[in-house]
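This report goes through a single protein model, starting with its cysteines and ending with its charged pairs. Please keep the sequence and the structure in view while reading.

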Amino acid sequence: MKPQEYVNKYLGKATDVDGYYGAQCWDSFARFDLEVGYPVFNCTSSGYVKDIWNLRKTSGILKYFEEVTNLSELQDGDWCIWGNCSVAPDSHIAMFRKHTSKNRGIFFGQNQGGSKVANEMEYYYEKTKQIFISKYN
């Protein structure tokens, strides 16, 4: 599934994969994992998506995703995880779509900008932690 196909399928829709807490940002990532045949990676330590990043070395996620250290290398379809910061006080995960300026880009995600349905928004990403999806770019 190409990034645009995923966006076309879920834009404006609310996804609740686990049935807990309504449509959260994690649910959009979990739905993607299911769509492409990956295991679902959970938030098992704090209950927030920052766990996906913090537990990446032991969870098995790096069998499917790669870490990116240079944000200028982000490509359409890469998933980014924000830790606790002003953009995402409790952490956030969204799919990168394109750069708009230095340290800013458009992201497809759910439960962002006050909307429970999946949308595209511009965010700073200079402090994001990121996981790069290598097989779909």
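## Cysteines

C25 has a relative accessible area of 8%, so this residue counts as buried, the limit being under 20%. The model is a predicted one, and it contains zero disulfides. C25 is therefore in no disulfide: its nearest cysteine sulfur belongs to C43 and is 7.5 Å away, whereas a disulfide needs the two sulfur atoms within 2.5 Å.

Another cysteine, C80, is buried as well, at 0% relative accessibility.

## Strand β2 and its partner

C80 belongs to strand β2, which is covered on both faces. On one side W79 and I81 are buried, and on the other side C80 and W82 are buried.

Strand β2 runs antiparallel to β3, and four bridges join the two. Within this pairing, W79 stands opposite M95 of β3.

## Nonpolar cores

Which residues of the largest nonpolar core touch the most other members? They are F29, I52, W79 and I93, out of the 23 residues in that core. Two or more residues come from each of α1, α2, α3 (50-54), β2 and β3. Helix α2 gives the largest share, which is six residues.

There is also a second core, separate from this one, with ten residues. Among them are L71, W82, F107 and Y125.

## Salt bridges between distant parts of the sequence

Side chains of opposite charge can pair when their charged atoms come close. How many salt bridges does the structure hold? The count is six, and three of the pairs are described here, one by one.

E35 and K9 form a salt bridge through their side chains, with an N to O distance of 3.0 Å. E35 lies in helix α2 (residues 25-36) and K9 in helix α1 (residues 3-10), so this pair ties together parts that are 26 residues apart in sequence. Are these two side chains buried, exposed or partly exposed? E35 is partly exposed, at 28% relative accessibility, and K9 is partly exposed too, with a relative accessible area of 38%.

## Two pairs with a buried arginine

E67 and R56 meet in a salt bridge between their side chains, at 3.0 Å from N to O. E67 sits in strand β1 (residues 66-67) and R56 in helix α4 (residues 56-59), so the bridge ties together parts that are eleven residues apart in sequence. E67 is partly exposed, with a relative accessible area of 31%, whereas R56 is buried, at 14%.

D76 forms a salt bridge with R97, and their closest N and O atoms are 2.5 Å apart. D76 is in the loop between β1 and β2 (79-82), while R97 is in strand β3 (residues 92-101), so the pair ties together parts that are 21 residues apart in sequence. D76 has a relative accessible area of 29% and is partly exposed. R97 has a relative accessible area of 11% and is buried.

Salt bridges can also share partners: in this way R56, K57 and E67 are joined into one network.

How values were computed
Residues are numbered from 1 along each chain as its sequence is written. This is a predicted model: local features need pLDDT of at least 70, side-chain atom pairs count only at pLDDT 80 or more; totals for chains, interfaces and linings use all residues. Side-chain values use heavy atoms; hydrogens and water are left out. A salt bridge is a side-chain nitrogen of Lys or Arg within 4 Å of a carboxyl oxygen of Asp or Glu. Buried means under 20% relative accessible area, exposed over 50%, partly exposed in between (1.4 Å probe, protein chains only). Two strands pair if DSSP finds at least two bridges between them. A nonpolar core is a set of buried Ala, Val, Leu, Ile, Met, Phe, Trp, Tyr and Cys residues joined through side-chain atoms within 4.5 Å.
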